[in-house]
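User: I'm new to reading structures, and I'd like a close look at one part of this one. Could you take me through the metal site and then a couple of other spots?

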Amino acid sequence: MTTTVPGIPAARGATPGLGPAELLHRLRAHAVAPAGDSPVTHVRREPARPGRTAPWPGWAAPALISAYEGLGIAEPWEHQAAAATLAHEGGHVVLATGTASGKSMAYQMPALSKLLDDPRATVLYLSPTKALAADQSRALARLGLDGVRTATYDGDTPREEREWIRRHSRFVLTNPDMLHHALLPGHARWATFLRRLSYVVIDECHAYRGVFGSHVAHVLRRLRRVTAGYGGDPTFILASATSGDPGDAASRLTGLPVAPVTEDASPRGAVTFVLWEPPLLPPSLENLEIEMPPVRRSALRETADLLTDAVVAGIRTLAFVRSRRGAEVVAAMTRRGLDEAVPGLGERVAAYRAGYLKEDRRAIERALLSGDLLALASTNALELGVDLVGLDAVLICGYPGTRASLWQQAGRAGRSGGEALAVLVARDDPLDTYLVHHPEALFGRPVEATVMDPANPYVLGPQLCRAASEAPLTEADLELFGGDPARAAAEALTASGALRRRPSGWYWTHRGRPEVDLRGTGGTPVSVVESATGRLLGTVDQGSSHVMLHTGAVYLHQGASYVVDDLDLEDAVALVRAAEPDWSTHARDVTELSVVSVREYVDAGPVGLFLGEVDVTNQVVSYQRRRIGSGEVIDTRPLDLPPRELRTVAVWFTVSPGLLAASGVQAPDVPGSLHAAEHAAIGLLPLMATCDRWDIGGLSTANHADTEAPTVFVYDGHPGGAGFAERAYGTAAAWLSATREAIASCGCEAGCPSCVQSPKCGNGNNPLDKNGAVAVLDALLGSLPPVES
Ligand SMILES: [Zn+2]
Ligand SMILES: [Zn+2]
């Protein structure tokens with residue numbers, strides 16, 4: 001299907017004006033790189049793919065088919081028909097296909113046909129964001145079907161409308177938070193709706209991951225239980241971005257067997273995908289003096305240069321930048337570069353971000369369509385619900401975290417039938433570096449899976465209390481909530497007095513409802529408040545607050561910079577003021593870890609791999625101020641913060657001192673080698689599971705009291721674990737070989753941010769031994785059996 005073209009793709013001159021091939025050619029010519037060292041690490045052209053349609057299913061309601069035909073849809077794509085028919089036949093199904101492949105129609109067909117055929121049936125639709133629910137509501141309205149009575153039920157729905165919705169709506173669009181806070185606690189008022197419930201649609205289900213995903217998994221079990229209590233027996237239809245093993249993730253989320261449909265039959269234009277690694281800068285004298293590690297040209301600067309070239313070439317281009325400030329910087333640099341070349345040309349570039357008013361967005365979209373604007377630098381805000389068409393090229397500044405986001409962003413390029421270009425510009429980061437050197441990890445079968453851990457006791461216990469407050473828990477219910485772990489949790493809750501055991505089951509006998517925060521397990525989130533205005537900028541979960549919001553910390557929020565004046569732990573408030581000092585702050589911490597229990601292990605002689613519970617004690621003790629640009633340490637200031645304790649799940653490996661020595665890692669180099677391996681392993685974990693490196697912590701030591709061996713621990717940063725360590729254990733061989741590759745293939749001499757340095761290291765990235773880390777991982781991989789899941 002696909003061909004890898006090491007040089008420039010053909011088609012030169014075949015298209016009017018400049019095609020992507022020509023653009024690529026120009027971009028290469030402009031790239032600043034030492035002779036012979038091209039920043040282009042890979043070029044792949046995905047040819048255009050025609051769509052494959054299927055006839056309308058015989059069971060689909062005729063009124064619905066005419067409604068689709070009225071919108072210009074002659075027939076469904078094969079995957080839409082396949083998923084819809086599975087659901088119609090009563091099977092739970094997840095459709096995991098690309099962006100713009102028409103996933104909505106796959107659930108609309110069975111759900112709306114049912115509503116049209118059976119005037120009493122109801123449908124519940126769940127989306128992770130209000131914006132998406134609003135979008136779907138508009139799409140349903142466009143179909144103009146009689147009697148469906150679609151209604152959005154969220155935090156903004158006025159009280160008087162809620163009553164009407166409960167009584168009359170047959171297609172309710174809501175979100176898991178509303179289910180948890182409103183619908184389930186008041187289920188008696190929804191009895192009729194739930195009894196008649198025929199379908200539950202879970203849109204964008206890959207959003208339910210980690211601790212939040214684990215909570216949502218229980219909210220859905222509560223929904224199933226309450227619905228069954230009224231005699232309802234709905235079929236679940238899930239829509240997901242492409243991910244590793246969507247069927248398994250959907251089954252974990254719902255607790256039901258879910259069949260995956262993954263074959264995408266929608267049409268696609270041809271795209272040339274380029275992986276781009278900014279070159280290393282030549283060491284400057286200044287850098288040598290303070291022993292700075294080598295640095296690459298920044299991804300922002302590189303993106304601005306590419307964008308400038310694109311505009312000069314007359315190519316409509318969109319650059320995705322991760323932060324708002326980054327997007328503005330790229331737009332400003334591009335404008336400056338263009339005005340230097342041709343005065344006035346800079347006006348054809350704009351920055352675009354969330355928070356713009358609808359009219360402004362429309363104006364920008366129109367200007368882009370008309371050609372008045374040629375380039376746009378945007379945050380990921382554009383991923384959601386904005387319709388930009390007519391783009392020739394997309395530049396992605398930094399890997400956006402998941403392949404789903406990457407394809408969503410790349411998918412913006414391509415005018416109907418035309419050739420499109422997408423360029424991923426790597427940031428100075430181990431994962432980005434790995435990806436631009438291992439295109440198979442991007443273009444091959446997806447490996448990153450949406451993980452969650454519904455058995456997390458910090459999630460399970462509170463959720464069982466919520467469930468018991470909705471209806472007493474029976475033995476059979478405990479099966480639904482996870483079997484043995486749920487039984488153990490119910491007994492612990494009974495012992496602590498939270499639940500009361502009676503012959504008919506477990507009861508919640510307290511006043512009010514148990515407090516459960518779906519989005520965390522770490523206590524009250526800390527509010528970040530601007531002192532001058534009293535404005536709430538956002539919240540930071542308690543686990544990260546000591547590192548991110550200690551007194552004196554420079555805090556970045558949506559690209560704007562603030563300094564923390566005071567962190568009040570008691571009231572969970574950090575007071576900040578807007579400021580742009582010319583230093584950054586780096587918290588230093590001390591971590592201790594003890595092993596509580598081992599869940600699973602692989603004993604490979606001199607090497608061991610373990611999964612289990614650990615207690616982590618972490619204390620942020622001081623912070624460094626470092627000059628922006630040079631990285632020079634200005635000073636180190638002490639902090640007076642209490643230690644934080646965390647019981648969580650960790651994966652760890654041990655390598656015997658003998659094997660280390662035989663692998664060339666001498667005793668004095670062991671700490672730096674393990675530490676470097678730990679950093680890179682944390683950086684690469686997002687390749688296997690949809691997490692952020694900030695969700696993960698690590699500890700390495702040349703001799704740990706519990707393992708009595710050189711050990712590297714990688715742990716979930718959330719109490720009770722979020723499933724990340726478990727996933728790491730299950731894919732250890734793939735994860736650790738990717739880690740080894742990322743380090744070994746980095747062109748630096750002795751370690752840099754692209755391989756073994758970490759922006760969140762509590763030890764100031766010291767000691768680190770890059771070559772030692774490769775030797776440690778080789779020793780490990782040489783002994784471990786492949787343990788793929
Ligand atoms: Zn490096
Ligand atoms: Zn470290």
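Analyst: Let's start at the metal site and then visit two loops.

A bit of housekeeping: this is a predicted model, where local features need pLDDT of at least 70, side-chain atom pairs count only at pLDDT 80 or more, and totals for chains, interfaces and linings use all residues. Residues are numbered from 1 along each chain as its sequence is written, chains are lettered from A and ligands numbered from 1 in the order in which they are written, and side-chain values use heavy atoms, with hydrogens and water left out.

Now the zinc ion (ligand 2): His675 (NE2), His679 (NE2) and Cys761 (SG) coordinate it, at 2.0 to 2.3 Å. Donors here are N, O and S atoms within 2.8 Å of the metal (3.2 Å for Na, K and Ca), and water is not among the atoms, so sites may look incomplete. Along the chain, the donors of this zinc ion follow the spacing H-x3-H-x81-C. That ties distant parts of the chain together: His675 belongs to helix 23 (residues 670–684), while Cys761 is in the loop between helix 25 (732–744) and helix 26 (770–783), 86 residues apart. (Helices are DSSP runs of H or I, at least four residues, and strands are runs of E, at least two, numbered from the N terminus.)

Are these two buried or exposed? His675 is buried at 5% relative accessibility, and Cys761 is buried too, at 10%. Buried means under 20% relative accessible area, exposed over 50%, and partly exposed in between, using a 1.4 Å probe and protein chains only.

Next, a loop with a serine. Ser266 sits between strand 9 (259–261) and strand 10 (271–276), and it is buried, with a relative accessible area of 4%. The side chains of Ser266 and Asp264 are joined by a polar contact of 2.7 Å. For that term, think of a pair of N or O atoms within 3.5 Å; within protein, one must be able to donate a hydrogen and the other to accept it, and residues adjacent in sequence count only if both atoms are side-chain atoms. Ser266 and Arg49 are 217 residues apart in sequence, yet 8.1 Å apart in space, C-alpha to C-alpha. Leaving aside neighbours within four places in sequence, Ser266 is in contact (heavy atoms within 4.5 Å) with residues including Arg49, Trp77 and His79.

Last stop: His187, in the loop between helix 7 (176–183) and helix 8 (191–195). His187 is buried at 13%, and a polar atom of its side chain lies 2.8 Å from the backbone oxygen of Glu470.
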